Amino acid sequence: MKTARVLVAADKFKGSLTAVQVAERVTAGLRRIAPEVQVDTLPVADGGDGTVAAAVAAGFERRAARVTGPLGEPVAAAYALRDTTAVVEMAEASGLQHLPEGVFAPLTATTYGSGELLLAALEAGARTIVFGVGGSATTDGGAGMLSALGARFLDADGKPVGPGGGGLADLASADLSGLDPRLAGIDLILASDVDNPLTGPKGAPEVYGRQKGATEEDIAVLDAALAHYASVLGPGHAELPGAGAAGGIGYGALVALGARFRPGIDVMLDVLGFAPALARATLVITGEGSLDEQTLHGKAPAGVAAAARAAGIEVVALCGSLALAPEVLGRAGIRRAYALTALEPDPAVCMAQAGPLLEQAAESIARDFLR
């Protein structure tokens, strides 16, 4: 009989535990019941916040940088580097986590710092850049990012337009001739779990603007401004999958930087070395804070489960809350899901005690699958 070997490949439990902490807690719970079990851990991410941390856990070097935050103030950020491959997470520079509590800037928040992070990766010798986009505070179509990389966006008087998506309403001309020439020689992969277009009913302002503090009036302004921006820069790219990712930064990367779009979890599984780890496993444990309909559309657990099912390896999932029926989980390749709310129904307590509860749930998995 093949010795049991478990691969823990889970995403973060947002607001409670990082993906690394999830892996540690699950390992502790498994070994309490099955001390002989071999456990490999591979924290995963789908391109959103936590992507750099997952890369560092997989052996990449963490590189610190000081960049421009979404409000224009300096913020501490990081990217990950291994050999000539960099993992850059736009949320590190332009994410919601850089906004003070209750403060939003839907019309003026900028992605300039994301461009500075890309420049830092270029300076470090990166030839392949995985650009994870998600968790943004911005809706500027990537104009700020492109400005940091050398582009110029001018109004009718030849002056730079204001920061953020709101400023794009005044755009008269876009000059991309000053873009850093090194960008032409790299492979830039746009990694996202979002395939929305730039504008319209499924576009960045309408679908994601409210979570960034936009009012209904702001959303209308941003949608019109981004449509105008696309008419100047290149309307043919506005409908591409991923153009609407992270407030339209996907559009800027696709139209001006020659990026190619790939689902974030697929890219990250490749970068993190999931295939060789999977080949050693007899059981895979995945998970994230909430298993719901969104999980099925490109989130980390769905990507992990699909890859494991293709390899004929059983998958179970851990989550804070569960909103998927067993038959839906089965179709996604997940044999069973263990929700922390089954152990502690109070959501606030559940989040505060996520670590110990995860260990308890992992004990149940060990009893059910390793005994």
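**Notebook: sheet, cores, rings and cysteines**

I began with strand 3 and found 8 bridges joining it to strand 4 (residues 74-82), the two running antiparallel. I took strands, and later helices, as DSSP runs numbered from the N terminus (E, at least two residues, for strands; H or I, at least four residues, for helices). Two strands pair if DSSP finds at least two bridges between them. Arg-66 stands opposite Ala-76 in strand 4.

I noted that this is a predicted model, in which local features need pLDDT of at least 70 and side-chain atom pairs count only at pLDDT 80 or more, while totals for chains, interfaces and linings use all residues. Residues are numbered from 1 along each chain as its sequence is written, and side-chain values use heavy atoms, with hydrogens and water left out.

**The sheet**

I looked up the whole sheet next. It is open, with 6 strands in the order 3-4-5-6-9-10 and mixed pairing. Its edge strands are strand 3 (61-68) and strand 10 (260-263), each pairing on one side only. On average, neighbouring strands of this sheet are turned by 30° against each other, direction ignored.

Then I checked which helices touch the sheet. Helix 9 (residues 245-257) packs on it, touching strand 6 (128-132), strand 9 (187-192) and strand 10, and its direction makes about 155° with that of strand 9. Contact means heavy atoms within 4.5 Å. For the angles, axes are lines fitted to C-alpha atoms, for helices over the stretch in contact, and the values run from 0 to 180 degrees between N-to-C directions. Helix 10 (residues 264-272) lies across strand 4, strand 5 (85-89), strand 6, strand 9 and strand 10, at about 85° to strand 10.

**The cores**

I searched for nonpolar cores, meaning sets of buried Ala, Val, Leu, Ile, Met, Phe, Trp, Tyr and Cys residues joined through side-chain atoms within 4.5 Å. Buried is under 20% relative accessible area, exposed is over 50%, and partly exposed is in between (1.4 Å probe, protein chains only). The largest core has 51 residues, and Phe-131 and Tyr-229 have the most contacts inside it. Helix 9 gives the most to this core, with 9 residues. A second, separate core of 40 residues includes Ala-54, Phe-60, Ala-80 and Ile-189.

**The rings**

I found 2 aromatic pairs in the whole structure. Rings of Phe, Tyr and Trp (its six-membered ring) pair if their centres lie within 6.5 Å; planes under 30 degrees apart count as stacked, over 60 as edge-to-face and the rest as tilted. The rings of Tyr-229 and Tyr-251 have centres 5.6 Å apart and planes at 65°, so this pair is edge-to-face. Tyr-229 sits in helix 8 (residues 216-233) and Tyr-251 in helix 9, 22 residues apart. Both Tyr-229 and Tyr-251 are buried. Phe-153 forms one aromatic cluster with them.

**The cysteines**

I counted 0 disulfides; a disulfide is a pair of cysteine sulfur atoms within 2.5 Å. Why is Cys-319 not bonded to Cys-350? The sulfur of Cys-350 is the closest cysteine sulfur to that of Cys-319, but at 9.1 Å it is too far for a bond. Cys-319 counts as buried at 0% relative accessibility, and Cys-350 counts as buried at 5%.

**Helix 12**

Last, I checked helix 12 (residues 300-310), whose buried residues include Ala-300, Val-304 and Ala-308. Their cover includes helix 10, helix 11 (274-279), strand 11 (283-291) and strand 12 (314-322). Just after helix 12, Gly-312 takes a positive phi of about 75°.
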